[in-house]
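I opened this entry to keep track of what I looked up, one topic at a time. My aim is to give a reader new to the structure a way in.

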Amino acid sequence: MTVRIGVIGTGAIGRDHARRIQTVLAGGEIVALSDVNRASAEAVRADIAPKAEVFATGEELIASASVDAVLVTSWGTTHEQYVLAAIAAGKPCFCEKPLATTAEGARRIVDAEVKAGRRLVQVGFMRRYDAGYVALKEAVKTHTGAPIMVHAAHRNPTVPEAYITPMAIHDTLIHEIDVFRWLLDDDYVSARVIFPRKAARSHGRLRDPQIVVLETAKGVVIDVEIFVNCHYGYDIQCEVVGEDGIARLPEPMAIQMRLGAKLQNAILTDWKDRFVASYDVELQDFLKAAAQGTASGPTSWDGYMAAVTSDACVAAQDKAGEAVAIPHPARPALYA
Ligand code: NAI
Ligand code: ISE
């Protein structure tokens, strides 16, 4: 079966996901596009999916009988309305992170899906599909002994002017929030945020870099440096310290060169290249489940728990290093 897909939000990642569904993956076809900037949807149709219909609104796209499943790749603040509409229409929905920019919004999605009685939502936490993180999880499970600490860094070379201090949490750290919960099979109990001096390349509404310290229910302490004006490249680092040893996330493959009296390894600059393989695998997983009228992979519950943690981290940004407690709501049976 070919799953007929509609894409809402045809910017950087919407366009890239449309490309992979049209040209890389099996079992899906882009039949519908929508963007508040109609010209962007038209451009994706022209370049990638010439047979697709362009809809004036995301809601019309979701309601269309020609659409079986939906990709929500618009700005984070707009995800909730489209995911709720897809659930109401009974259509599988892949939603880019964050599921919603607040825990309240993510909870409404959980409640709607629970009411629908079946999984319809996959959240775009692609790191769970990354070969490096999968190998790291296996190494932690079988070799390092029980984890004690995690040291991590999430560095972007630059971000747009519209990217402001809380986005370092719900747009960027959200990946670490989800992947460490999965990697450690644990939940968070508190968050602290520490600000070093502001980097010169940052702008007025962005305090960058920042260090987030998360503590888990099992007592693991995780420190994550978020530095989104690091200038030199797109760099994701992670080291798990266990009772018996240490495991590190592998570096992306790069040819090592001896040139001009230097030993060199190129560093990537774009998230699109760093996680290209994991985006392919996560969306193939989505297409497979959508063909059965359901969803798999990271759940709305995972999206909600990430949002609960992210709310606490945003609150902690104003607490001068003080810890903010992270609640543990009861998990509905649908996500057992
Ligand atoms: P972008 O700004 O390049 O594209 C977003 C598009 O959504 C724009 O074309 C915009 O006009 C459109 N849009 C905004 N509001 C809309 C609405 N109400 N209805 C329809 N269209 C709307 O942003 P980008 O980088 O593509 O990010 C989109 C989403 O994907 C964000 O939630 C972001 O966090 C997520 N993302 C995830 C990544 C990952 O690694 N998993 C990487 C990059 C983005
Ligand atoms: C972007 O939206 C992503 O999701 C990237 O993976 C992340 O590294 C970046 O910081 C976000 O802005």
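**Strand E2 and the sheet around it**

I began with strand E2, which is mostly covered, since six of its seven residues are buried. I note here that I am working with a predicted model, and I read each entry with that in mind.

Which strand does E2 pair with, and over how many bridges? I found that E1 and E2 are joined by six bridges and run parallel. Within this pair I looked up Arg-4, and the residue standing opposite in E2 is Glu-29.

I then stepped back to the whole sheet, which is open and made of six strands in the order E3-E2-E1-E4-E5-E6, with parallel pairing. At its edges I found strand E3, covering residues 53-55, and strand E6, covering 121-123, each of which pairs on one side only. From one strand to the next, I noted a twist that averages 25 degrees.

**Strand E4 and its partners**

On one side of E4 I looked at strand E1, residues 3-8, which pairs with E4, residues 69-72, in the parallel sense over four bridges. Two of the partnerships I wrote down are Gly-6 with Val-70 and Val-7 with Leu-71. I also checked E5, which runs parallel to E4 and is joined to E4 by three bridges; there Val-72 stands opposite Cys-95.

Are the faces of E4 covered or open, and which residues lie on each side? I found both faces covered, with Ala-69 and Leu-71 buried on one side and Val-70 and Val-72 buried on the other. I set beside this the general point that side chains in a regular strand alternate between the two faces of the sheet.

**Helices on the sheet**

I next looked up helix H1, residues 12-23, which packs on the sheet and touches E1, strand E2 (28-34), E4 and strand E5 (93-95). The direction of H1 makes about 150 degrees with that of E2.

In helix H1 I picked out Arg-20, and asked whether this residue is buried or exposed. Arg-20 counts as buried because its relative accessibility is 0%, against a cut-off of under 20%. Not counting residues up to four places away in sequence, I found that Arg-20 touches Leu-25, Val-276, Tyr-279, Asp-280 and Leu-283.

Helix H4, residues 79-88, lies across E1, E4, E5 and E6, and I noted that H4 runs at about 165 degrees to E5. I listed the buried residues of H4 as His-79, Glu-80, Tyr-82, Val-83, Ala-86 and Ile-87. What covers them includes E1, helix H3 (58-63), E4, E5, helix H5 (103-116) and E6. Just after H4, I marked Gly-90, which takes a positive phi of about 70 degrees.

**Ligand 1**

How many residues surround ligand 1, and which are the closest? I counted 25 from the computed values, the closest being Asp-35, Trp-75, Tyr-82, Lys-97 and Tyr-279. Tyr-82, which I had already met among the buried residues of H4, has a polar side-chain atom 2.7 Å from a nitrogen atom of ligand 1.

I also followed the backbone, where an N or O atom of Ala-12 lies 2.9 Å from an oxygen atom of ligand 1, and a polar backbone atom of Ile-13 is 2.9 Å from an oxygen atom of ligand 1. Of the 840 Å² of accessible area that ligand 1 has on its own, the protein covers 84%.

**Val-213 and Glu-322**

I turned last to two further residues. Val-213 lies in strand E9, residues 210-216, and counts as buried because its relative accessible area is 11%. Val-213 and Asp-35 are 178 residues apart along the chain, and I noted 37 Å between their C-alpha atoms. Leaving aside neighbours within four places in sequence, the contacts of Val-213 are Ser-190, Ala-191, Arg-192, Ile-194, Val-221, Ile-222 and Asp-223.

I placed Glu-322 in the loop between helix H10 (300-316) and strand E15 (324-325). Glu-322 and Ile-194 are 128 residues apart in sequence, and I recorded 8.8 Å between them, C-alpha to C-alpha. With neighbours within four places again left aside, Glu-322 is in contact with Ala-191, Arg-192 and Ala-316.

Conventions. Residues numbered from 1 in each chain as written. Chains lettered and ligands numbered in written order. Predicted model: local features only at pLDDT ≥ 70, side-chain atom pairs only at ≥ 80, totals over all residues. Heavy atoms only, no water. Pairing = 2+ DSSP bridges. Axes fitted to C-alpha atoms, helices over the stretch in contact; angles between N-to-C directions. Contact = heavy atoms within 4.5 Å. Near = heavy atom within 4 Å. Polar contact = N/O pair within 3.5 Å; in protein donor to acceptor, adjacent residues only side chain to side chain. Areas by Shrake-Rupley, 256 points an atom, 1.4 Å probe, with all protein chains shown as cover. Buried < 20%, exposed > 50% of the residue type's maximum accessible area, 1.4 Å probe, protein only.
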